[in-house]
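User: Please go through the structure below with me. I would like each term to be justified by the value behind it.

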Amino acid sequence: MDSGANDDASREVSVLDEEEDTDEWKKVALMRAFVEKQDSAAKEEDDYMLRRFLRARELDLDKASNLFLKYLKWKKENIPKGFISESEVQNEISHKKMFMQGLDKKGRPIGVALAVKHYSSKRDLEEFKRFVVYILGKLCDRMPRGQEKFTVIGDLQGWGYSNCDIRAYLAALDILQIIFVEDKNLKETLLEDIDEDQLPEIYGGKAPLVPIEESLTAE
């Protein structure tokens with residue numbers, strides 16, 4: 001194929017992408033008009049948040065709107081102040097089980113969860129649930145504008161019976177998307193998505209672990 005044909009193909013793809021984006025934002029506007037009538041709290045969420053729900057339901061307005069309204073209800077019940085403060089999760093923070101790194105190759109914030117640092121005998125389930133919300137808030141704060149996903153490395157190295165906590169794990173899995181990788185090709189697997197300077201040193205990268213309470217928000 002000659003360069004002229006390549007240019008034509010590129011322009012065609014670009015036009016299609018623009019049309020898809022335009023269609024998405026039109027649906028975002030329609031969705032916003034509907035959900036704001038149902039719940040005024042929707043005004044506090046930006047268009048990117050609404051788009052995330054639309055994409056999660058394949059741009060189906062009814063399904064996305066219903067899901068979003070359920071999210072707002074959940075948020076009111078679980079995060080009445082709009083955020084979880086460190087004082088509400090001090091016990092969980094003290095165990096140093098969650099860390100926040102940089103961004104992966106797709107611009108997604110990177111979190112590291114050390115399962116070996118979690119003990120069911122030392123946790124309060126309600127505080128743990130708050131901690132999960134706290135983690136989610138920190139990850140979302142690190143997301144560049146327009147980004148909708150994050151990467152969490154669930155590290156099971158050294159995990160044993162004393163770390164097993166089904167109730168807590170089920171609570172976490174309701175909220176967090178976790179990437180599990182095998183130790184066999186750990187570094188190679190992680191480097192497929194994470195640059196070496198963003199990969200924690202404990203996995204063969206160059207970045208020190210950063211406790212989640214010390215992480216910075218995106219600029």
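Analyst: A salt bridge requires a side-chain nitrogen of Lys or Arg within 4 Å of a carboxyl oxygen of Asp or Glu. The model is a predicted one, and in it glutamate 196 and lysine 187 have their closest N and O atoms 3.7 Å apart. Since 3.7 Å falls within the 4 Å limit, the pair is called a salt bridge.

User: What makes glutamate 196 and lysine 187 partly exposed?

Analyst: Partly exposed covers the range between under 20% and over 50% relative accessible area. Glutamate 196 has 32% relative accessibility, so it counts as partly exposed. Lysine 187 has 31%, and it therefore receives that label as well.

User: Why is the contact between lysine 96 and glutamate 213 called a salt bridge?

Analyst: The closest N and O atoms of lysine 96 and glutamate 213 are 2.6 Å apart, and the limit is 4 Å. The pair ties together parts that are 117 residues apart in sequence, because lysine 96 lies in the loop between H4 and E1 and glutamate 213 in the segment after helix H7 (186-191). In burial, lysine 96 is partly exposed at 32%, whereas glutamate 213 is buried at 16%. By the salt-bridge rule, the count comes to 15.

User: Which other salt bridges can be named?

Analyst: Arginine 108 and aspartate 104 meet in a salt bridge with an N to O distance of 2.6 Å, and both residues are buried. Glu24, Arg51 and Arg55 are linked in a network of salt bridges.

User: Why does lysine 138 have no salt bridge?

Analyst: The nearest side chain of opposite charge, that of glutamate 86, is 4.6 Å away. The rule asks for a distance within 4 Å, so glutamate 86 does not qualify as a partner. Lysine 138 is located in helix H5 and is buried. Leaving out residues up to four places away in sequence, lysine 138 touches Met100, Ile212, Glu213 and Ser215.

User: How do you know that lysine 97 is buried, and what does it contact?

Analyst: Buried means under 20% relative accessible area, and lysine 97 has 6%, so it counts as buried. Lysine 97 is found in the loop between helix H4 (90-94) and E1. Apart from neighbours within four places in sequence, its contacts are Glu92, Val112, Ala113, Leu114, Lys117, His118 and Phe131.

User: What makes the pairings of lysine 97 with glutamate 92 and histidine 118 polar contacts?

Analyst: The N or O atoms must lie within 3.5 Å, with one able to donate a hydrogen and the other to accept it. The side chains of lysine 97 and glutamate 92 are joined at 2.5 Å, and those of lysine 97 and histidine 118 at 2.8 Å. Both values meet the distance limit.

User: Which residues touch the most other members of the largest nonpolar core, and which elements supply it?

Analyst: The core has 16 residues, of which Phe131 and Tyr134 touch the most other members. Strand E1 (98-103) and helix H5 (125-142) each supply at least two residues, and the largest share, six residues, comes from H5. Outside its neighbours within four places in sequence, tyrosine 134 is in contact with Ile84, Glu86, Val89, Ile93, Ile212 and Glu213. A second, separate core has 13 residues, including Phe53, Ala64, Phe68 and Tyr71.

Key
Residues numbered from 1 in each chain as written. Predicted model: local features only at pLDDT ≥ 70, side-chain atom pairs only at ≥ 80, totals over all residues. Heavy atoms only, no water. Core = buried A, V, L, I, M, F, W, Y, C linked by side-chain atoms within 4.5 Å. Buried < 20%, exposed > 50% of the residue type's maximum accessible area, 1.4 Å probe, protein only. Helix = DSSP H or I, 4+ residues; strand = E, 2+ residues; numbered from the N terminus. Contact = heavy atoms within 4.5 Å. Lys, Arg positive; Asp, Glu negative; His and termini not counted.
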